[in-house]
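Visitor: I would like the labels on this model justified one at a time, with the value and the cut-off behind each. Where do we begin?

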Amino acid sequence: MSSHVVDGADTDLNEVVANMLSPECIQNPYPVYKKLRSQSPVHGLLDYPPGTVPGVDTPFPAWVITRYADVDYVLSNPDIFSSEDPMQANSSAPSLMLVNHDKPRHTDLRNLAKMAFTPKRIHDNIVERLRSDVSAIVDRNVGQSIDFMEEVAGVIPALVMTYLMGLPKEDYKKLVRWANAFMVSSDFTSQERQSCNEELFHYFVAKVGERYSDIEAGKEVTDDLMTAFITAEYEGNGLSKEEVVLFCITLVVAGAETTTYFLGNLMGVMLEDSSWFERLKQDRSLIRPFMEECLRRDGPPQRLFRCVLKDCEVGGKAIKAGDWVAFFMAAANHDESVFENPEQFILGRKNVSKHVTFGRGIHHCLGAPLARIEAEIMLNTMFDKCAAVEGSLANSCRQSGGLLAYGFSTLPLKLVSTNP
């Protein structure tokens, strides 16, 4: 990593950057993002990529990128900003497929993943099972005061992962714990994070190994995503057994926790303004635009890291090859120069599709359609079975374990029954 001479303006912001990992900023980072957007990129953030372990791994000082145009520049230039993550590679964490690869290997892997992770497979393997399970989840909780994060939002995405990969349904609780530890958001000790990373890896080594053995023995196997990864070929190339393991891990850690926070944030908006529930219940065509505005304003993914491959300029600052950048999609989604009144929840924004919550370009999230399906099924089921949602955001708590995700750790509410 190169060193930098910090000017007076940057010196004034050093404390702001240092405090970005405080619980207060993690729970409400948007005022800090606004302050940083008024400046050129600032150097010195010491934060952790997914899978790394605070207190064990040593973070690289990174440039903080917060303006929409600058974040878009990083996302749009993978030849300058590498996704290969030496910090994660040297940690106890399994490397993530696609997320931590560059071209040309990234192109091959994404084409293989697209062959396995098809819209038809998502629909055939998930939709009906999910409708049934979400219906049971809502029936079990309707009329009761619950922690929505624990009883609903934290269950649905992990269940989907068991459907996708043909895992025992009861294992969803393990997946939740492992994803939480990997994504450096929930409150875990260093030892707990390392143990979870190891458990996650060995779990999928065993499951994938069993599937290979069954296929080689000529046994009939389920046509799920794990089988699809094993059998997928693109231009004569396939995935190694280790790559299949890592793809399974990537889906769990990238999909389970982020979608959990998305589902919780949707309900948070409804507690913020109780009229939303009835509006959407009566006009289901509003569900999709409601989801998109929530993804823009309250999108869970906050930031990603990149390693700079060649000298460049971002936001007026010269950035050198070998530097580390942390670009904040959530800050870009609140950039006043792109989204008018960004702190307000405005249904039907004409440019809401410009949000970068799921990334852009070659690293656009493959799981984005799946997250939207999960949210849509959850909301429709609740509107079918509930008369209202009651609760106060004053009783909720945002997670404060890490700056990677924005979402609730607890969200107490009551699902009001349609039967008086």
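Guide: We begin with Pro104, which lies in the loop between helix 5 (86–89) and helix 6 (105–116). The model is a predicted one.

Visitor: What is omega for the cis peptide bond at Pro104, and which residue does this bond join to Pro104?

Guide: Omega is about 5° for the cis bond that joins Lys103 and Pro104. Most peptide bonds are trans.

Visitor: Leu98 has a positive phi. What is the value, and where is the residue placed?

Guide: Phi of Leu98 is near 70°, and Leu98 is not a glycine. The residue sits in the loop between helix 5 and helix 6. Most residues other than glycine have a negative phi.

Visitor: Why is Leu98 called buried?

Guide: The cut-off for buried is under 20% relative accessible area. Leu98 has 9%, so the label applies.

Visitor: Asn341 also has a positive phi. Why is Asn341 called partly exposed?

Guide: Partly exposed covers the range between under 20% and over 50%. Asn341 has a relative accessible area of 39%, so the residue falls in that range. Its phi is near 45°, and its place is the loop between helix 16 (329–332) and helix 17 (368–385).

Visitor: Why is Ile65 called buried?

Guide: Its relative accessible area is 0%, and therefore Ile65 is buried by the under 20% cut-off. Ile65 belongs to strand 2 (residues 62–65). Leaving out residues up to four places away in sequence, its contacts are Pro41, Asp70, Val71, Val314, Val325, Ala326, Phe327 and Phe328. Pro41 is 24 residues away along the chain, yet the two C-alpha atoms are 5.4 Å apart.

Visitor: Strand 2 belongs to an open sheet of five strands. What is the strand order, and why do strand 1 and strand 3 count as edges?

Guide: The order is 1-2-8-5-3, and the pairing is mixed. Strand 1 (42–45) and strand 3 each have a single partner strand, so one side of each has no neighbour in the sheet.

Visitor: How do you know that strand 1 and strand 2 pair?

Guide: Pairing needs at least two bridges. Strand 1 and strand 2 are joined by three and run antiparallel. Val42, for one, has Val64 of strand 2 as its bridge partner. Helix 4 (residues 68–76) packs on this sheet, touching strand 2, strand 3, strand 5 and strand 8, and its direction makes about 120° with that of strand 8.

Visitor: What makes strand 5 mostly covered, and how many bridges join strand 5 to strand 3 and to strand 8?

Guide: In strand 5 (residues 303–308), five of the six residues are buried. Strand 3 (residues 81–82) pairs with strand 5 over two bridges, in the antiparallel sense; Ser82 has Cys307 as its partner. Strand 8 (residues 324–328) pairs with strand 5 over five bridges, also antiparallel, and Leu304 stands opposite Phe327 there.

Visitor: There is also an open sheet of three strands. Why are strand 4 and strand 9 its edges?

Guide: The order is 4-12-9, with antiparallel pairing. Strand 4 (145–147) and strand 9 (386–390) each have a single partner strand, so one side of each is left without a neighbour in the sheet. Neighbouring strands are turned by 30° against each other on average, direction ignored. Strand 9 is joined to strand 12 (residues 412–417) by four bridges; Ala388 stands opposite Val416.

Visitor: Helix 10 (residues 172–182) and helix 13 (residues 241–272) cross. Why is helix 10 called roughly perpendicular to helix 13?

Guide: Their axes cross at roughly 95° and come within 8 Å. The range for that label is 65 to 115 degrees, which makes helix 10 roughly perpendicular to helix 13. Leu175, Ala179, Asn180 and Phe182 of helix 10 meet Val252, Val253, Ala256 and Glu257 of helix 13. By class, that contact has six nonpolar, one polar and one charged residues.

Visitor: Which residues touch the most other members of the largest nonpolar core?

Guide: In that core of 98 residues they are Phe148, Met165, Phe204, Leu266, Met267 and Met378. Helix 13 gives the largest share, 18 residues. Apart from this core lies another of 23 residues, including Ile26, Ala62, Phe328 and Leu403.

Conventions: Residues numbered from 1 in each chain as written. Predicted model: local features only at pLDDT ≥ 70, side-chain atom pairs only at ≥ 80, totals over all residues. Heavy atoms only, no water. Axes fitted to C-alpha atoms, helices over the stretch in contact; angles between N-to-C directions. Parallel < 35°, antiparallel > 145°, perpendicular 65-115°, else oblique. Contact = heavy atoms within 4.5 Å. Nonpolar A, V, L, I, M, F, W, Y, C, P; charged D, E, K, R; others polar. Core = buried A, V, L, I, M, F, W, Y, C linked by side-chain atoms within 4.5 Å. Buried < 20%, exposed > 50% of the residue type's maximum accessible area, 1.4 Å probe, protein only.
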